[in-house]
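Open the model in a viewer and keep the selection tool at hand. The tour goes from stop to stop, with a selection to make at each one.

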Amino acid sequence: MSTPHNEAKPGEIAKTVLMPGDPLRAKFIAETFLHDAKLVNNVRGVQGYTGTWEGKPVTVMASGMGMPSIGIYSYELFKEYDVDNIIRIGSAGAYVKDLHIFDVVLATGAYSESTFAREQCGYEGDITYPSEELNRKLEESADELNIPLHKGLIHSSDVFYRQSSDYLKTVHEKGCVAVEMESFALFSNAKVLHKNAACILTISDSFVSDEITTPEQRQTSFTNMMKIALNAAVK
């Protein structure tokens with residue numbers, strides 16, 4: 001069952017996968033939260049671990065950065081490993097003053113200028129959507145843990161280093177509250193394959209203030225988001 005990008009054997013991937021971008025964040029989550037975590041994939045250093053949380057199997061596996069990368073890994077997990085649910089747990093930059101570093105955001109949709117969905121399946125829209133069921137579980141989990149959860153449309157950007165700020169007018173008109181680089185493709189894959197996907201993000205920096213986190217904080221300090229996702233994964 002292995003693919004060119006995943007060496008996990010049959011049965012080594014759980015039905016629900018938590019998917020950070022950073023392989024070291026995947027390692028941190030596995031070592032900090034999962035019981036009996038086992039490394040099941042390390043192709044290209046994209047680490048994937050399977051263990052248990054509250055007695056139920058959970059996999060945490062990195063996606064890498066950007067839509068082409070998560071497009072490959074999430075598609076193979078859904079299609080080749082019969083994963084039912086993928087919850088992206090990532091970092092994001094705030095577009096609005098109400099969001100501050102370490103705030104947690106649940107994506108209600110992902111706007112993008114990307115052609116990913118059009119090239120993949122002919123979808124001409126510029127917003128893809130998460131699973132309502134998974135989003136409901138994430139909201140319930142945040143309530144149970146008494147962790148504040150912001151909700152809103154996010155921007156999945158194709159470009160990190162832009163030479164112009166003209167795009168900000170569009171994302172503000174759309175009502176985007178934060179920016180990341182993966183969820184538009186993840187939601188498209190889930191729709192095409194009739195699976196479930198969601199995205200929960202921690203604010204790591206801001207476009208409207210000087211707030212910013214360090215690389216170490218982004219790797220190890222986003223624990224509220226991780227706890228919400230883990231609890232939702234076993235519901």
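What follows is a list of stops, each with something to select and a note on what is there.

**Before starting**

This is a predicted model, in which local features need pLDDT of at least 70 and side-chain atom pairs count only at pLDDT 80 or more, while totals for chains, interfaces and linings use all residues. Residues are numbered from 1 along each chain as its sequence is written, and side-chain values use heavy atoms, with hydrogens and water left out.

Helices (H or I, at least four residues) and strands (E, at least two) are DSSP runs, numbered from the N terminus. Buried means under 20% relative accessible area, exposed means over 50%, and partly exposed is in between, with a 1.4 Å probe and protein chains only.

**Stop 1: the largest nonpolar core**

Select Ile13, Leu77, Phe78, Val83 and Ile86. Of the 37 residues in the largest nonpolar core, these five touch the most other members. A nonpolar core is a set of buried Ala, Val, Leu, Ile, Met, Phe, Trp, Tyr and Cys residues joined through side-chain atoms within 4.5 Å. Which helix gives the largest share of this core? The answer is H6, with six residues. In soluble globular proteins, nonpolar side chains tend to be buried together.

Keep Phe78 selected and show its surroundings. Leaving out residues up to four places away in sequence, Phe78 touches Val83, Asp84, Asn85, Ile86, Leu186, Asn189, Ala190, Leu193, Lys195, Asn196 and Ala197. Contact here means heavy atoms within 4.5 Å.

There is also a second, separate core of 30 residues, which includes Phe33, Val60, Ala232 and Val234.

**Stop 2: H6 and its partner H2**

Select H6. This helix is mostly covered, as nine of its 11 residues are buried. Among the buried residues of H6 are Phe184, Leu186, Phe187 and Leu193.

Now add H2 (67-80). H2 and H6 pack at an angle of about 30 degrees, with their axes 8 Å apart. Axes are lines fitted to C-alpha atoms, for helices over the stretch in contact, and angles run from 0 to 180 degrees between N-to-C directions. The angle makes H2 roughly parallel to H6. Angles under 35 degrees count as roughly parallel, over 145 as roughly antiparallel, 65 to 115 as roughly perpendicular and the rest as oblique.

On the H2 side, the residues to pick are Met67, Ile70, Gly71, Ser74, Tyr75, Phe78 and Lys79, which meet Phe184, Ala185, Leu186, Asn189, Ala190 and Leu193 in H6. By class, the residues of this contact are nine nonpolar, three polar and one charged. Ala, Val, Leu, Ile, Met, Phe, Trp, Tyr, Cys and Pro count as nonpolar, Asp, Glu, Lys and Arg as charged, and the others, Gly among them, as polar.

**Stop 3: H8**

Select residues 223-233, which form helix H8. Is H8 largely enclosed or largely open? Eight of its 11 residues are buried, so H8 is largely enclosed by the rest of the structure. Met225, Met226 and Ile228 are among the buried ones.

Add H4 (residues 132-145), which packs against H8 at about 120 degrees, with the axes 8 Å apart. That makes H4 oblique to H8. Lys137, Leu138, Ser141, Ala142 and Leu145 in H4 meet Lys227, Ile228, Ala229, Asn231 and Ala232 in H8. This contact of H4 with H8 has six nonpolar, two polar and two charged residues.

Then swap H4 for H1 (residues 23-33), whose axis comes within 12 Å of that of H8 and crosses it at roughly 65 degrees. H1 and H8 are therefore roughly perpendicular to each other. From H1, Arg25, Phe28, Ile29 and Phe33 make the contact, and from H8, Thr223, Met226, Lys227 and Leu230.

**Stop 4: Tyr49**

Select Tyr49 in strand E3 (residues 48-53). At 9% relative accessibility, Tyr49 counts as buried. Its neighbours include Ala26, Lys27, Ala30, Val58 and Val60.

**Stop 5: two loop residues**

Most residues other than glycine have a negative phi, and most peptide bonds are trans. Select Asn146, in the loop between H4 and strand E8 (150-156). Asn146 is not a glycine, yet has a positive phi of about 60 degrees. Asn146 counts as exposed, at 70% relative accessibility.

Last, select His194, in the loop between H6 and E10. The phi of His194 is also positive, near 60 degrees. His194 is exposed, with a relative accessible area of 74%.
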